[in-house]
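Colleague: I would like a close look at a single part of this protein. Please take one helix and say how it sits in the rest of the model.

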Amino acid sequence: MSDDSHESNGHGPGDGHENVPSRQRTRFPGISSRAYEHPADRSALVALRKLSGFDTVFKALSGLLPERSLRLLFLSDSVRVSEQQFAHLNVMLRDACDILDLEKVPPMYVNQDPQPNAMCIGLDEPIIVVTTGLVELLDEEEMRAVVGHEVGHALSGHSVYRTILLFLTNLALRVAWIPLGNIAIMAIVTGLREWFRKSELSADRAGLLVGQDLKASMRGLMKIAGGNHLHEMNVDAFLAQAEEYEAGGDLRDSVLKILNVLPRTHPFTTVRAAELKKWAESRDFQRIMDGHYPRRTEDKDTSVSGSFRESASSYATNVKNSKDPLMKLVTDIAGGAGDLGGRIRRGFGNTPRDTPPDA
C-alpha cells in the first residue's frame with residue numbers, strides 16, 4: 001500500500017472552484033470502506049457482496065419498493081443542498097466526498113423536523129437527508145462529522161440495506177393484523193437492525209476520518225443525547241456513563257439491556273462515544289491517518305473467511321474484556337467455572353439463605 005494521502009483544500013470531486021474548509025485535512029485517495037468498518041459490519045457486508053448475483057437480485061426489488069416516491073417526496077417537500085441553498089452544508093458535503101475519495105457527490109436534502117436526525121437511503125444511488133433539528137443543534141465541526149458519517153454510509157453501500165429496513169418496518173405496521181406475516185417480517189427487521197447498529201459504529205469512524213476532530217465528534221454525540229447544553233455537560237463524565245452502563249447491575253439488567261436495544265436502529269449514544277474514542281486511540285486509526293489503509297482496488301480480493309475470522313476474534317475479545325454481568329457469566333462458563341446454578345441465582349440477586357454472604 002502506498003503512502004499517497006495528502007491534505008484536502010476543500011476541492012470537491014469534479015468541482016470547478018475552490019471550497020475552502022476551516023482548516024486543512026488529510027485525504028485518503030482510493031480508500032476502501034473496509035478501512036473503517038466495524039468487524040461485525042464488515043464481515044456481513046463482505047459475505048453479502050461475495051454472493052453471486054446478490055446485488056442484481058437485491059436491486060431488482062426496487063420495483064416493489066417506494067424509492068422513487070421517496071426521492072420525489074424529498075425533492076418536493078425538502079430543501080436540496082447546493083451552492084444557492086444551505087451553502088455551508090454543500091461545502092461540507094463536497095469536502096467529505098473529497099476526503100473519502102467518493103467520486104459522485106450524493107444529493108443532500110434538509111427536511112423540516114425538530115427531531116435531530118440524519119440518514120442515507122437509496123437503492124440505485126444514495127441520497128442524504130438531514131433534519132433542521134440537527135442543523136440547528138450542531139456547530140460547524142460537529143456537523144462536519146455528521147456529514148462524514150453519512151458519506152461513510154454511502155461509500156459502504158449501507159443505503160441499500162437502510163432503504164430495505166425502512167420499507168420492511170413500514171410494511172410490518174401495515175400487516176400487523178396478520179399474525180404469521182408480521183412475525184416473518186419482524187424477524188427480518190430484527191436481523192437488519194442488529195446489522196444496522198453495527199454499521200452506525202462504522203459510520204461514526206468515517207465521520208472522524210472526515211472531521212479529524214475527536215472532540216467535535218464527542219460534542220456532537222453529547223448534544224444528540226442531551227441537547228444544546230454543552231456548558232452543562234462533560235466528556236469524561238459522559239464516557240463514564242457508558243462504563244457504568246456496561247458494568248452496572250446484575251443479570252436482570254443484562255437482559256433488560258438486550259430488550260431495550262432490540263427495537264433500536266442506533267446503538268445508545270454513550271456506547272457510540274466510548275467505541276469511537278477507543279478506535280481513535282487505536283493503532284488502526286493512526287495507520288489510516290499515516291496513509292496505510294486498504295484500497296478499493298483490493299476489495300475484489302477480500303477473503304470472506306478472513307473477514308469472518310476477524311469478526312469472531314473481535315467478538316471474543318469484546319466478551320472477554322466486557323464488564324457486563326451476562327458476558328462475565330458467559331466467559332466463566334466457557335472457562336469451566338463451577339456452581340453454574342449458584343452463579344446464576346446470585347446474578348439475579350437471589351442468594352440462598354443458607355449460603356454465607358462471603359461464600
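Modeller: What follows covers helix H4, then the protein around it and its largest cavity. The model is a predicted one. Helix H4 runs over residues 87-99. At 1.5 Å a residue its 13 residues should span 18 Å, and the end C-alpha atoms are 18 Å apart, so the expected and the computed length agree. Ten of these 13 residues are buried, which means that H4 is largely enclosed by the rest of the structure; buried here stands for under 20% relative accessible area. The buried residues include Leu89, Met92, Leu93 and Ile99, and with them Asn90, Arg94, Asp95 and Asp98. Ala96 and Cys97 complete the list. After H4 comes aspartate 101, with a positive phi near 60°.

As for the setting, the protein has 16 helices and six strands. Of its 359 residues, 45% are buried. Among contacts between residues at least 6 apart in sequence, 72% join residues at least 24 apart. The accessible surface is about 18,300 Å², and carbon and sulfur atoms account for 56% of that.

The whole structure holds one cavity of 30 Å³ or more, and the volume of the largest cavity is about 50 Å³. Its lining consists of His38, Leu201, Asp204, Arg205, Arg272, Glu275, Leu276 and Trp279. Helix H8 (179-211) and helix H12 (269-280) are the elements that each give two or more residues to this lining. H12 gives the most, with four residues. By class, the lining has four charged, three nonpolar and one polar residue.

Methods. Residues are numbered from 1 along each chain as its sequence is written. This is a predicted model: local features need pLDDT of at least 70, side-chain atom pairs count only at pLDDT 80 or more; totals for chains, interfaces and linings use all residues. Side-chain values use heavy atoms; hydrogens and water are left out. The expected span of a helix is 1.5 Å times one less than its number of residues. Buried means under 20% relative accessible area, exposed over 50%, partly exposed in between (1.4 Å probe, protein chains only). Contact means heavy atoms within 4.5 Å. Accessible areas come from the Shrake-Rupley method with a 1.4 Å probe; for residues, only the protein chains shown count as cover. On a 1 Å grid over the protein atoms alone, a cavity is a set of points where a 1.4 Å probe fits but cannot get out, and a pocket is an open set with protein on both sides within 12 Å along at least five of seven lines; lining residues have an atom within 4 Å of a point. Grid points are joined across faces, edges and corners, and a volume is the space filled by probe spheres set on the points. Ala, Val, Leu, Ile, Met, Phe, Trp, Tyr, Cys and Pro count as nonpolar, Asp, Glu, Lys and Arg as charged, and the others, Gly among them, as polar.
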